[in-house]
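Trainee: I'm new to this one. Could you take a close look at a single part with me, the sheet and what packs against it?

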Amino acid sequence: EKGTYPHFMLKEIDEQPFVIRRIIQKYQDDNDQIKLDPDVRKAMTECDRVYIIACGTSYHAGLVGKQFIEKLANVPVEVHVASEFSYNMPLISDKPLFVYISQSGETADSRAVLVETKAKGYPSLTITNVPGSTLSRESDYTLHLHAGPEIAVASTKAYTAQLAVLAILAVDTAQAKGIELDFDPMKELGIVANAMEALCDQKEEIERVAAEFLPTTRNCFFIGRSADYYVGLEGALKLKEISYIQAEGFAGGELKHGTIALIEEGTPVVALATQSNVNYSIRGNVKEVAARGANPCIISMKGMDQEGDTFVLPEVHELLTPLASVVPLQLIAYYAALHRDCDVDKPRNLAKSVTVE
Ligand code: F6R
């Protein structure tokens with residue numbers, strides 16, 4: 001039920017802090033240690049490579065998840081769009097683990113890959129919001145997102161839940177492998193939940209950003225580097241699917257290799273600047289597009305912000321910035337769609353779960 005909310009999407013955006021807190025609770029034991037199916041732990045430590053298979057928003061979560069697993073647990077990860085993987089299968093390592101990320105657990109493209117990898121005898125883990133779903137039933141192991149039903153077609157809380165569960169999975173794997181980390185995922189996710197709450201309290205300000213940058217534009221670009229690039233892809237997907245504004249996410253460094261030709265007077269460019277190691281370079285990219293007439297909307301994080309930034313996020317652990325930086329992008333997409341009288345919860349041509357290949 002929507003309750004007092006005008007749309008499910010807005011309700012689901014607002015639920016994100018609670019979902020993160022629920023995940024912390026569900027994945028923690030009485031001694032504040034990570035609680036995870038021991039078979040999943042075994043599968044993660046025994047494999048020599050993780051293959052993440054997903055579509056759309058869940059694929060974008062997989063890109064961030066790769067960073068978590070590689071940086072924390074030192075396990076190589078490949079991330080593949082399901083529909084591409086099935087007819088263009090790469091060489092598979094000796095001991096692969098296939099990880100399917102799917103909110104609905106019913107996505108036909110992902111299931112097609114699962115059927116194939118199962119036939120080859122490869123182990124599989126599904127990370128899903130629906131434990132009884134097809135992908136969950138047909139794979140060896142399941143991790144539950146605990147996000148509660150997601151009704152709006154545009155995925156919001158499932159994405160941040162996927163990131164939280166992937167971070168916990170990465171840390172658990174690191175611990176099982178005896179890797180020492182100075183990263184407490186539950187504490188840091190608690191900080192993320194508070195940051196999300198603060199962001200959800202700033203809706204008016206974010207609505208103003210949408211009104212300032214996107215009222216009549218035909219297109220919009222999102223740029224970022226490293227994790228910010230992946231979040232930009234997700235921000236662009238949210239915007240295009242519900243507001244029908246043509247939106248594209250690009251790696252900051254790729255601009256000069258072609259995309260910059262698209263920049264015209266007034267083109268909105270949303271630039272994410274939450275990663276300290278690339279802050280200097282992304283700021284350079286903002287100058288490049290601004291010099292060609294773009295209208296840059298800079299979303300930075302406290303500690304890395306500069307005068308003139310459009311919106312500054314509260315500080316969270318650098319690995320977890322996607323969980324915070326995606327929230328204003330979800331809200332910008334929501335308000336842009338609302339201002340254009342679009343059907344926010346049920347955009348044209350889209351279905352909540354895509355059960356055809
Ligand atoms: C975008 C969106 C889709 C889904 C994709 C995969 O907002 O909802 O891109 O993420 O269809 O769906 P699941 O995660 O159910 O496999």
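Mentor: Sure, let's start with helix 12 (residues 279–291), which lies across strand 6 (219–224), strand 8 and strand 9. Contact here means heavy atoms within 4.5 Å. Helix 12 runs at about 170° to strand 8, with axes being lines fitted to C-alpha atoms, for helices over the stretch in contact, and angles running from 0 to 180 degrees between N-to-C directions. Helices (H or I, at least four residues) and strands (E, at least two) are DSSP runs, numbered from the N terminus.

Before going on, keep in mind that this is a predicted model, where local features need pLDDT of at least 70, side-chain atom pairs count only at pLDDT 80 or more, and totals for chains, interfaces and linings use all residues. Residues are numbered from 1 along each chain as its sequence is written, and side-chain values use heavy atoms, leaving out hydrogens and water. The chain's average pLDDT, the predictor's per-residue confidence from 0 to 100, is 96, and 100% of the residues score at least 70.

Now the sheet itself: 5 strands make an open sheet in the order 7-6-8-9-10, with parallel pairing. Two strands pair if DSSP finds at least two bridges between them. Strand 7 (246–251) and strand 10 (311–313) are at the edges with a single partner strand each, so one side of each has no neighbour in the sheet. On average, neighbouring strands of this sheet are turned by 20° against each other, direction ignored.

Further in, strand 8 (residues 268–273) pairs with strand 9 (residues 295–301) in the parallel sense over 6 bridges. Take Val 270: its bridge partner in strand 9 is Cys 297.
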